[in-house]
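Subject: Structure handover

Hello,

Here is the structure I said I would pass on. My notes on what was found in it follow below.

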Amino acid sequence: MLCHFPACKKDINTETSSNTLLRSRCSFYQLDFWKPDSVAQIKPHTTVDFRVKAEDVLTVEDFLEHNELHYEVLINNLRSAMDAQFDSHSRAAGHSYTKYNNWETIEAWTKEIAAQNPSLISRSVIGTTFEGRSMYLLKVGKASSNKPAVFIDCGFHAREWISPAFCQWFVKEAVRTYGQEAQMTKLLDKLDFYVLPVFNVDGYVYSWTKSRMWRKTRSSRTGSSCRGVDPNRNFKAGWCETGASKDPCSDTYCGPTAESEKETKALTNFIQKNLSSIKAYLTVHSYSQLLLYPYSYSYKLPSNNAELNSVVKAAANELASLYGTKYKYGPGASTIYLAAGGSDDWAYDQGIKYSFTFELRDTGRYGFLLPESQIQATSEETLLAVKYIANYVLEHLY
């Protein structure tokens, strides 16, 4: 059980010695890193968010203060914050676009929304998870042959609940505004959207039923009692070179091999099978308010770097136009940190020249526990950026 775990934000404004000090305590206290993903990715002059076990709080605070490392407690009682995320006024049973839905509810929703909108949505299964659950894909668009497509996935990391909430919102808005709103109507007439509402279904279920802060898949392997692989370190894109761990117990474990996970393989197989039509790849995560493009496994820049930078800048401006939410943007490695084996880098290296990662709200006040009351605003602003990118792709087909 997760109970009374404060999530402390430490501001590293000193030299490498601070990083070394923090690293020395990480494994000892089993700190759970929220931002960045692991202690290895801490850079000088950056902000670090991590979770501390209740029994270790006083010791960790003493350590930080003794070493003159400034920190701020963001969430004093994690259990209370977990309860407080469910602040939606829509607490009725069944599916809702303004609350977090468990997997059984999302699964039923995929079937229902496809059945209700046969002229715009079709549902298929692209694979099964380690624990045998179906990976449902919704194809959204007006039926026509040889249409270019945009692929959007959500729910890579189990605890990032705002991500699947956005994918559901996107599908809802596509259906609701088709024939009413000019831009969405044009996009659905000219493009197909492949929407994978939850990629890491097993992990998502586990985050609802056992451990809210679970991140990885739920695969098991001989020789280790630790479960799961970080799916966003499991792709053949500089696999396990940097910013990933070979330790099965790490939250950034890259897996025994690239594409070791059934979920990863299902995604890569589908995209490779449809590579001629897929012109953009969008993967939705949280949190940090970032809009990233390749590369993350290396500091090298993509061949169309200037174009991608202009696209994310304009998309970030679109997003900010609604509620003033500010996003940072740029190539993954230099904007945040090196991280090998990511799906966006893999998609780009397959020839999908418009490949982007969204890190949704917020910047750390709630972190992974973003309240339901922010789902609508987060989804509305993100939709503006997604529509901008899709429209740009439509006008720059290749």
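I will begin in the loop between α7 (201-209) and α8 (262-273), where C240 is located. Please bear in mind throughout that this is a predicted model.

C240 is not a glycine, yet its phi is positive, near 60°. Is C240 buried or exposed? Its relative accessibility is 7%, and because buried means under 20%, C240 counts as buried.

The loop between α7 and α8 also holds E259. E259, again not a glycine, has a positive phi of about 60°. With a relative accessibility of 11%, E259 counts as buried.

Next, the cis peptide bonds. One of them joins P294 and Y295, with omega at about 5°. Y295 lies in the loop that runs between β10 (290-293) and α9 (305-323). A cis peptide bond is also found between R361 and D362, where omega is about 0°. D362 belongs to the loop between β12 (354-360) and α12 (375-395).

Then there is a helix pair. Two packed helices are described by the angle between their axes and the distance between the axes. For helix α5 (residues 162-177) and helix α6 (residues 182-190), the axes come within 9 Å and cross at roughly 100°. An angle of 65 to 115 degrees counts as roughly perpendicular, so α5 and α6 are roughly perpendicular to each other. Which residues make the contact? On the α5 side they are E173, A174 and T177, and on the α6 side M184, T185 and L188. Sorted by class, the contact of α5 with α6 has three nonpolar residues, two polar and one charged.

Last, the nonpolar cores. In soluble globular proteins, nonpolar side chains tend to be buried together. The largest nonpolar core in this model has 84 residues. Which residues have the most contacts inside this core? They are F151, F193 and F356. Setting aside neighbours within four places in sequence, F151 is in contact with L137, Y194, L196, L267, F270, I271, I278, A280, Y281 and L282. A second core, separate from the largest one, has 11 residues, among them F33, F50, V57 and V60.

If you open the model, the loop with C240 and E259 is where these notes start, and the core around F151 is where they end.

Regards

How values were computed
Residues numbered from 1 in each chain as written. Predicted model: local features only at pLDDT ≥ 70, side-chain atom pairs only at ≥ 80, totals over all residues. Heavy atoms only, no water. Axes fitted to C-alpha atoms, helices over the stretch in contact; angles between N-to-C directions. Helix = DSSP H or I, 4+ residues; strand = E, 2+ residues; numbered from the N terminus. Parallel < 35°, antiparallel > 145°, perpendicular 65-115°, else oblique. Contact = heavy atoms within 4.5 Å. Nonpolar A, V, L, I, M, F, W, Y, C, P; charged D, E, K, R; others polar. Buried < 20%, exposed > 50% of the residue type's maximum accessible area, 1.4 Å probe, protein only. Core = buried A, V, L, I, M, F, W, Y, C linked by side-chain atoms within 4.5 Å.
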